[in-house]
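User: Please take a close look at the ligand site in this model. I would like one connected walk through it, then a brief look at the protein around it.

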Amino acid sequence: MAKINEYDVVIIGAGQCGVLTAYYLNKYNISYIVLEKDRCFSSWYKRWDNFYMNTANWMNRLPDIDLSSIDGDIENKRANKDQIIIQFEQWLKSFPVNINICNVSNIKLEEHKFIVESERNVFHATIVIFAIGLNQIVIPKFQNKISNTLEQIHSSEFKNSNQIKTSNVLIVGTGSSGVQICKELAQTQKYSVYLSCSKNSNFPWTVFGISIYSYVRKLKLFDIKSQSVLGKCVKFLSARKGDPATPPSPKELQSEYNVMLKNRLIDIKGNDAFFEKNQTLYLNDTTIIWCTGYQLNLQPLIDKTLHNKLLNRYGYPLVNFGFRSIIPNIYYIGLRFQRLVSSHIIYGAVRDAKKLASEITFKINGKR
Ligand SMILES: Cc1cc2nc3c(=O)[nH]c(=O)nc-3n(C[C@H](O)[C@H](O)[C@H](O)COP(=O)(O)OP(=O)(O)OC[C@H]3O[C@@H](n4cnc5c(N)ncnc54)[C@H](O)[C@@H]3O)c2cc1C
């Protein structure tokens, strides 16, 4: 029989959001456990080999740790994959985290207690926090109509150029992943690289010789509350155009690396790709790399009785206010535009986790 473990708080997921929340709950002496199916910060380990951060080092700082040796130029520089992992690992060594490695497969509510089940264990908790990140890849539905002579991978599976065995590559999406992967492949000069541009804009690194991030910092743009008028404007723009991506822009990729630009991809039938404004391309000996993002999918984790109460008709969690779900004692952290416009990145997660831990402590102990 599975062993039952009792905690005030169960946190699901040990990415930055889950571990940061644990870090602050430690400080408040709250009994908690983090349940993680892989390893702490697993998403960062899974990024491609030459991945580098989109945010400058000062935005990636974790609480109470001197990382001057790793940070380097904190104002302008961006860490690569190894550097960001070293930062997380060093920080993790500096405090205890109560963690259990298991895949949460079901959560149900019985008499005001949450029953959180994994293959081996059962955990009982008064409060559940979802910190599972965006756990599902997004690929357009027309993927099913694509000829099986073509190779396809999602950006989450991309590691390096050795994976690509075809002579042509079609990269779909010009968010930060799309442009980074495109540059890496085009630089090798081994393939003809096509890039299908999405709606998002690109921002430059510097304006009047000053890092764009210096302006962000001075104007406190990442501290804007999602519910403020400005926050709502940013959210509206982001819903319409997607997040602005870091350089290189598609135009730079075209002029510097001979990348062939295409409009937004709208369909593929067999080997024929159709783009906006009547552009077409016959795909032959091609790998399609879907840089089309991720979404949250809570359905595999929650009991059917909770589905309708917790999720809207698109399967997205109904949030009452800030971190709170529509069901008392279920919380989320790390969702886009949750409390801050930066809630989904490290900068926002550090601030949100502190706030969430304090809110939960108040709920449990009646004091912050
Ligand atoms: C390509 C890319 C580049 C990015 N670049 C930046 C950047 O430059 N700067 C920045 O600040 N942010 C960046 N982000 C955004 C963000 O910081 C990361 O996505 C970050 O990993 C999100 O942290 P998280 O804790 O919310 O989720 P995750 O890091 O995804 O952690 C969730 C954890 O939950 C676990 N989990 C999921 N389901 C279960 C289950 N059923 N049971 C147990 N455990 C489970 C997973 O294994 C995972 O470890 C980037 C994101 C992507 C995709």
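How far is an oxygen atom of the ligand from an N or O atom in the side chain of Ser 43?

Analyst: This is a predicted model, so read every distance as computed from it. For Ser 43, the separation is 2.7 Å, between a side-chain N or O atom and a ligand oxygen. The side chain of Ser 42 also has an N or O atom 2.7 Å from an oxygen of the ligand. Arg 47 adds another pair: one of its polar side-chain atoms sits 3.5 Å from a ligand oxygen. That value is at the limit, because a polar contact requires N or O atoms within 3.5 Å.

How much of the ligand is covered? On its own, the ligand has 980 Å² of accessible area, and the protein covers 89% of that.

Now the shell. The ligand has 30 residues around it. Those that come nearest are Glu 36, Ser 42, Ser 43, Asn 54 and Thr 55. By type, the shell holds 15 nonpolar, 11 polar and 4 charged residues.

Three elements each supply two or more shell residues: helix 1 (16–27), strand 2 (32–36) and helix 2 (42–46). Helix 2 gives the largest share, with 3 residues. Ser 42 and Ser 43 fall within the span of helix 2, 42–46. Glu 36 is at the end of strand 2, 32–36.

Next, the cysteines. A disulfide is a covalent bond between the sulfur atoms of two cysteines. The model has 0 disulfides, counting sulfur pairs within 2.5 Å. Take Cys 197. The closest cysteine sulfur to its own belongs to Cys 182, and at 8.8 Å that is too far for a bond. Cys 197 is buried, because its relative accessible area is 19% and the cut-off for buried is under 20%. Cys 233 has 42% relative accessibility, so this residue counts as partly exposed.

Finally, the protein as a whole. The secondary structure comes to 10 helices and 21 strands. Of the 368 residues, 49% are buried. The C-alpha atoms fill a box of roughly 60 × 45 × 40 Å along the principal axes. A compact globule with 368 residues would have a radius of gyration near 21 Å. The protein has 22 Å, so the two values agree.

Back at the site, the picture is this. Ser 42 and Ser 43 each place a side-chain N or O atom 2.7 Å from a ligand oxygen. Helix 2 contributes 3 residues to the shell. The protein covers 89% of the ligand's accessible area.

Key
Residues are numbered from 1 along each chain as its sequence is written. This is a predicted model: local features need pLDDT of at least 70, side-chain atom pairs count only at pLDDT 80 or more; totals for chains, interfaces and linings use all residues. Side-chain values use heavy atoms; hydrogens and water are left out. A residue is near a molecule or strand if one of its heavy atoms lies within 4 Å of it. A polar contact is a pair of N or O atoms within 3.5 Å; within protein, one must be able to donate a hydrogen and the other to accept it, and residues adjacent in sequence count only if both atoms are side-chain atoms. Accessible areas come from the Shrake-Rupley method with a 1.4 Å probe; for residues, only the protein chains shown count as cover. Helices (H or I, at least four residues) and strands (E, at least two) are DSSP runs, numbered from the N terminus. Ala, Val, Leu, Ile, Met, Phe, Trp, Tyr, Cys and Pro count as nonpolar, Asp, Glu, Lys and Arg as charged, and the others, Gly among them, as polar. Buried means under 20% relative accessible area, exposed over 50%, partly exposed in between (1.4 Å probe, protein chains only). The radius of gyration is taken over C-alpha atoms; the globule rule is 2.2 Å times the number of residues to the power 0.38.
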